[in-house]
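Here are my notes on the model you sent round. I have kept them as numbered points so you can reply to each in turn.

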Amino acid sequence: MEEQHESINDELIEALHISRPVYEEVQHIVGHMPTIDELSTLLAMWEGSGRQQGLLAWLKGQHHAVETNDYIYDGDGSQHREIREPRIKDCLDIARKLWGKRNATPEPDAPAAAPNAPSFTHSGHSLYLVGNISTEFLDSEYARQYLHLVDEPISLGNDDDDRDYHLMILSALQENGTTIATCEVEQGGIFGSLLRCSLPHRLGFDILSCREIRIDAFLFGEEKGRFIACMKEEDEEFFLQKLSEAAINCCFLGHTTKGRILVDGMDFGPSTDYQI
């Protein structure tokens with residue numbers, strides 16, 4: 001493996017159609033000198049995102065703190081029980097069970113947003129998760145309603161200082177027009193929070209999950225102190241620069257759409273099929 005690392009030179013990097021700064025950013029993300037396979041995987045992920053932002057900006061948006069969990073607790077907290085990680089199509093069923101409309105009668109008008117509630121207004125805007133990616137889903141609506149872990153074996157910690165610091169930086173970025181909307185990740189995790197912001201204007205979202213953790217933790221985990229920021233593509237570089245200066249983790253999620261919901265390329269249907 002070490003020889004494979006050392007064999008990557010400028011000629012090979014050029015053959016992948018990337019620059020030395022991009023290669024060094026990949027090295028920073030993966031924590032070691034990346035192999036050809038790792039570079040190819042990251043480039044394929046960028047291609048899969050539609051190349052709707054520059055490669056270097058997209059790579060910088062992948063930097064985040066992740067700690068994996070090998071198991072979760074059983075409902076009474078006294079035993080360990082493995083819960084199979086769902087596949088992406090299983091997450092579609094989960095989302096429909098939790099937030100699918102209970103009747104087939106379509107609503108004549110778009111659902112009204114609560115006063116001053118953040119919402120996405122146009123398709124094609126970029127979405128970022130600000131804060132660490134959640135690796136837990138125990139204390140969540142998904143765990144209670146879908147997995148029936150009603151005893152809530154743990155309660156996720158909440159560092160109010162971190163939350164307030166994130167909110168202060170994000171409020172300043174919204175005041176100066178860098179971001180269009182900012183919402184806190186709350187009930188339903190990333191998926192539920194994106195739904196709440198999308199429904200008022202009948203928009204949707206197209207996002208990519210993080211391969212390093214369970215997909216149900218990524219989509220439905222409700223760890224506190226995290227935010228979703230929405231902005232125009234041309235404002236991404238300034239946004240990333242300011243979060244880097246503030247030493248705040250962030251992760252590129254995807255883009256708003258004209259109404260459909262996609263996760264890792266799978267079509268979850270129109271947002272109007274859901275209610276939250």
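The points below start with the chain as a whole and then go through the sheet, the central helix, the cores and the cysteines.

1. Overall picture. Keep in mind that this is a predicted model. The protein chain is built from 11 helices and nine strands. Of its 276 residues, 46% count as buried. The chain exposes about 14,000 Å², and carbon and sulfur atoms supply 46% of that area. Among contacts with a separation of 6 or more, 80% are between residues 24 or more positions apart.

2. The sheet. Seven strands form an open sheet with mixed pairing, in the order E4-E6-E3-E7-E5-E8-E9. The edges are taken by strand E4 (181–184) and strand E9 (266–270); each has a single partner strand, so one side of each has no neighbour in the sheet. On average, and ignoring direction, neighbouring strands are turned by 25 degrees against each other.

3. E6 and its partners. On one side, E4 and E6 run antiparallel and are joined by four bridges; here Cys183 has Ile228 of E6 as its bridge partner. On the other, strand E3 (residues 126–130) pairs with strand E6 (residues 227–231), again in the antiparallel sense, over five bridges. Within that pairing Leu129 sits opposite Ile228, and Val130 sits opposite Phe227. E6 is mostly covered, with five of its five residues buried. Phe227, Ala229 and Met231 point one way from the strand, while Ile228 and Cys230 point the other way.

4. E7 and its partners. What about strand E7: how many of its residues are buried? Eight of eight are, so to speak a clean sweep. E7 pairs with E3 in the antiparallel sense over five bridges, and Cys250 in E7 is the bridge partner of Val130. E7 also pairs with E5, antiparallel too, this time over four bridges; there Ile207 has Gly254 in E7 as its partner.

5. Gly204. This residue belongs to strand E5, and it counts as buried because its relative accessibility is 0%. Leaving aside neighbours within four places in sequence, Gly204 is in contact with Ser198, His255, Thr256, Thr257, Lys258, Gly259, Arg260, Ile261 and Ser271. For Ile261, which is 57 residues away along the chain, the C-alpha atoms are separated by 5.0 Å.

6. Helix H9. I would look at this one carefully. Nine of the 10 residues in H9 (residues 189–198) are buried, so the helix is largely enclosed by the rest of the structure. The buried set is Gly189, Ile190, Phe191, Gly192, Ser193, Leu194, Leu195, Cys197 and Ser198. H9 lies across E3, E4, strand E5 (204–207), E6, strand E7 (250–257), E8 and E9, and runs at about 145 degrees to E5.

7. H6 on the sheet. Helix H6 lies across strand E8 (260–263) and E9, and its angle to E9 is about 20 degrees.

8. The cores. The largest nonpolar core has 43 residues, and the members that touch the most others are Phe120, Phe191, Ile228, Phe268 and Tyr274. Helix H6 (residues 88–99) gives the largest share of this core, with six residues. Phe191 shows how the pieces meet: outside its neighbours within four places in sequence, it is in contact with Ala95, Trp99, Phe205, Leu219, Phe220, Ile261, Val263, Phe268 and Tyr274. There is also a second, separate core of 15 residues, including Leu173, Leu243, Ala246 and Ile248.

9. Cysteines. How many disulfides does the structure hold? Zero. The pair to look at is Cys183 and Cys197: the sulfur of Cys197 is the nearest cysteine sulfur to that of Cys183, 3.2 Å away, and Cys183 is in no disulfide. Cys197 is likewise in no disulfide. The cut-off used is within 2.5 Å. Both cysteines are covered: Cys183 counts as buried because its relative accessibility is 7%, and Cys197 because its value is 3%.

Key
Residues numbered from 1 in each chain as written. Predicted model: local features only at pLDDT ≥ 70, side-chain atom pairs only at ≥ 80, totals over all residues. Heavy atoms only, no water. Buried < 20%, exposed > 50% of the residue type's maximum accessible area, 1.4 Å probe, protein only. Helix = DSSP H or I, 4+ residues; strand = E, 2+ residues; numbered from the N terminus. Contact = heavy atoms within 4.5 Å. Areas by Shrake-Rupley, 256 points an atom, 1.4 Å probe, with all protein chains shown as cover. Core = buried A, V, L, I, M, F, W, Y, C linked by side-chain atoms within 4.5 Å. Pairing = 2+ DSSP bridges. Axes fitted to C-alpha atoms, helices over the stretch in contact; angles between N-to-C directions.
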